[in-house]
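Colleague: I would like to learn how to read a model of this kind, feature by feature. Please give the general idea each time, then the case at hand.

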There are 2 protein chains.
Amino acid sequence: MNATQHPEEEEGRAPLAQPVTLTDIARAAGTSASTASRALSGRGYVSAEARARLVAAADRLGYVPNASARTLKQRTSRVVGVVVSDIGNQFYARLAAGIEQTLREADYQMMLLGDNSESAEEIAGARAFLAMRARGVIMTPVSGDAASLLVAQGVAVVEVDRQLATSPCDAVVIDNERGAYDATAHLLALGHSKVALLVVDTEWTSDAGREQGFRKAHAEAGVELDERLVARFPVHAPHAKERIERLLREDAPTAIFASNNLLAEQAWHVLRRRGLRLPDDVSLVGFDDVPWMEMVDPAITVVAQPTEELGRSAARLLLRRLDDPASPPRLDCLQPSLVIRGSTAPPS
Amino acid sequence: MNATQHPEEEEGRAPLAQPVTLTDIARAAGTSASTASRALSGRGYVSAEARARLVAAADRLGYVPNASARTLKQRTSRVVGVVVSDIGNQFYARLAAGIEQTLREADYQMMLLGDNSESAEEIAGARAFLAMRARGVIMTPVSGDAASLLVAQGVAVVEVDRQLATSPCDAVVIDNERGAYDATAHLLALGHSKVALLVVDTEWTSDAGREQGFRKAHAEAGVELDERLVARFPVHAPHAKERIERLLREDAPTAIFASNNLLAEQAWHVLRRRGLRLPDDVSLVGFDDVPWMEMVDPAITVVAQPTEELGRSAARLLLRRLDDPASPPRLDCLQPSLVIRGSTAPPS
DNA sequence: CTGTTAGCGCTTTCAG
DNA sequence: CTGAAAGCGCTAACAG
């Protein structure tokens, strides 16, 4: 403890072993800790001169408030937890960027975690946020359990991209069914009758919605769907390429609708490796526009989503909820749009 | 306070307004808080049966330790802060993924922040980590000030990708000079004598190293370098394309070396827009291999970096430092490798 | 406008 | 092996 040394007038440049505390700066300015707290946190009455001395002392000594102490006392923090499935996937990265931007403007700290689409990791993340008394959490849910845990403990959660929670909470999603419908209808209108669907095998509403849209377009066009053309992939698809290759070989679709950017990438590689030309031999449509799709030749027709806006909306929803915890759960649904490029054409 | 209700034998399923505390579970198991602490945190003697009762009570009541209280008491946490320039850039995303993986294995929590290459945001991030008593921080530095701040307060920092700190700290970088040298030498060996360099205008060691390698290759090949071919771009390059376009128009280079993935992407777009064929009209080499480079036609010759390994190394360095704070600062340097693809050929 | 007092939830001596 | 007591740094009544 620094009561052993004389505490007065020390130059603030020594390599401090002990971080400086509010008490230190109060003493340096000749006030009590409470006054210092009021001055520095900006709430409560403090005389202008006291405040000035305090502020001066604070930045002379390089004071950094101890977040733990504050959180412990106030029983809440300004941290908002965010957990996404895969930080390395551009979709989630852009989502996070959107969230962070809005959160920052509202003076909240984003804490980002990846869960590799593992429900266990997701729960661990939720517990970590609980432990640090995060004010709220935004997530692309894997299982619904994490959200339940959080909600049960009273932390606000908003789900993005997918909606899985059984507990009531806000969510913002894309109109997946409509996006998939548009993509599929486009293919069908071009005259394709053997359209393959590449979709992730989960309970997630996103993939379910995309499959529904795919089916609905078939139904409305009166095209019978061969179930073998629906290929489901595990979340971590190590052998996706082989599976796609087999699909191509055995069922000879004339068009492929890949329902996320990773599957589209895999499909594209398989097509190239097999020497199949786009769009002459096979047409390809993706879901979620990422830069490469516009760069390859031919460019890929895709259902584009407002990814960053998705993030911003989620953050806004959370902010609103923190403001008014009692308001009824809200679901926002953003519209995707079909961008037609060179990878789709009538079957030959 | 829950002293007002009878605290015994409550089912743990009510929507708890107040999170359950260690004291709650101690009471439920009929011990003192100290014993509960010892049992649950696993250090100190506790009888097997007491521990069993405590553990049972803890997960019956859904106990989540309060991280703030623990951090406050122990004066340190298990959080490692990570701040990168741009979460949306695949390079940084993969870097973060590598870091997180290694950190997780060592049971540390990664807290990720983006600073948009703004020194002010970087400092704000550093302060946030200071405030939450992060054990260490890993960053792709923008200015060196943040690192100084951190180091002065005694938190371990390791710089990744670039080295800017004036304070002594660990770092792990790529051999940028060598990578750029190889790329440039390749172009020169092909017979190009008007090679343009696209580089970010910063003090960063990464870009400086790349420029040096570029110059060194020219010197060794005995090719005189026209300074107009060296194009420097601000970190946030809004008009990069115009600048590149002008470079092409006015100085007619026969090859371009774009020293990061974003500049390569911009250059590629400009080339395409102007109808310049790769590699017939112009050769292009990038730095930092990202997926699209292998997908476009022709594929892009590039200096590939071990990005995830860079992250893992940084995390390992930090872990080592936490173990042994006194060890001398260490600089690890990883080797990049030139991947020759179709975008480079002799000038026509 | 300011100081005193108390306590957030946890860990850690220190006695038993 | 266990409990009592103290205190981490901060904020929020509550008197002055």
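Modeller: What follows goes through the chain pair, the DNA surfaces, the cores, some helices and two single residues. This is a predicted model, in which local features need pLDDT of at least 70, side-chain atom pairs count only at pLDDT 80 or more, and totals for chains, interfaces and linings use all residues. Residues are numbered from 1 along each chain as its sequence is written, while chains are lettered from A and ligands numbered from 1 in the order in which they are written.

Colleague: How many residues of chain B are in contact with chain A?

Modeller: Two residues are in contact if their C-beta atoms, placed from the backbone, lie within 7 Å. On that criterion 39 residues of chain B are in contact with 39 residues of chain A. Helices (H or I, at least four residues) and strands (E, at least two) are DSSP runs, numbered from the N terminus. Helix 4, helix 5 (90-105), strand 2 (109-114), helix 6 (119-131) and helix 12 (292-295) of chain B each give at least two residues to the side that touches chain A. Helix 5 of chain B supplies the largest share, six residues.

Colleague: What is the make-up of that side by class?

Modeller: Ala, Val, Leu, Ile, Met, Phe, Trp, Tyr, Cys and Pro count as nonpolar, Asp, Glu, Lys and Arg as charged, and the others, Gly among them, as polar. The side of chain B that touches chain A has 24 nonpolar, nine polar and six charged residues.

Colleague: By what turn and shift can chain B be laid on chain A?

Modeller: Copies are superposed by least squares on the C-alpha atoms of residues with pLDDT of at least 70 in both. A turn of 180° and a shift of 0.0 Å along the axis lay chain B on chain A with an RMSD of 0.1 Å. That is the relation of a two-fold axis. The same surface serves both copies, as 100% of the contact residues of chain B recur in chain A.

Colleague: Which residues are closest to DNA strand D, and which to DNA strand C?

Modeller: A residue is near a strand if its C-beta atom, placed from the backbone, lies within 6 Å of it. DNA strand D is surrounded by 26 residues, the closest being A:T21, A:L22, A:S34, A:A69 and B:S34. Helix 4 of chain A gives the most to this surface, with five residues. By class, the surface near DNA strand D holds nine nonpolar, 13 polar and four charged residues. For DNA strand C there are 28 residues, and the closest are A:S47, B:T21, B:L22, B:S34 and B:A69. Its surface divides into nine nonpolar, 13 polar and six charged residues. Helix 2 and helix 4 of chain A, with helix 1 (22-29), helix 2 and helix 4 of chain B, each supply at least two of the residues near DNA strand C.

Colleague: Is A:L72 in helix 4 of chain A buried or partly exposed?

Modeller: A residue is buried if 20 or more other C-beta atoms lie within 10 Å of its own, exposed if 12 or fewer, and partly exposed in between. A:L72, found in helix 4 of chain A, has 19 C-beta neighbours inside 10 Å and so counts as partly exposed. Leaving aside neighbours within four places in sequence, A:L72 is in contact with B:S68, B:A69 and B:L72. B:V230, in strand 7 (residues 230-233) of chain B, is also partly exposed, with 16 other C-beta atoms within 10 Å. The C-alpha atoms of B:V230 and B:V199 are 7.6 Å apart, though 31 residues separate them along the chain.

Colleague: How many residues has the largest nonpolar core?

Modeller: A nonpolar core is a set of buried Ala, Val, Leu, Ile, Met, Phe, Trp, Tyr and Cys residues joined through C-beta atoms within 7 Å. The largest has 132 residues, and those with the most contacts inside it are A:I25, A:V82, B:I25, B:V82 and B:V137. Apart from it lies another core, of 80 residues, among them A:V200, A:I300, B:L262 and B:F287.

Colleague: How many residues of helix 11 of chain B are buried?

Modeller: Ten of its 13 residues are buried, so helix 11 of chain B is mostly covered. Its buried residues, including B:L262 and B:W268, pack against helix 5, strand 6 (195-200), strand 7, helix 10 (240-251), strand 8 (255-258) and strand 9 (283-287) of chain B. The expected span of a helix is 1.5 Å times one less than its number of residues. Helix 11 (residues 261-273) of chain B reaches 18 Å from its first C-alpha to its last, close to the 18 Å expected. B:G275, which follows helix 11 of chain B, has a positive phi, near 75°.
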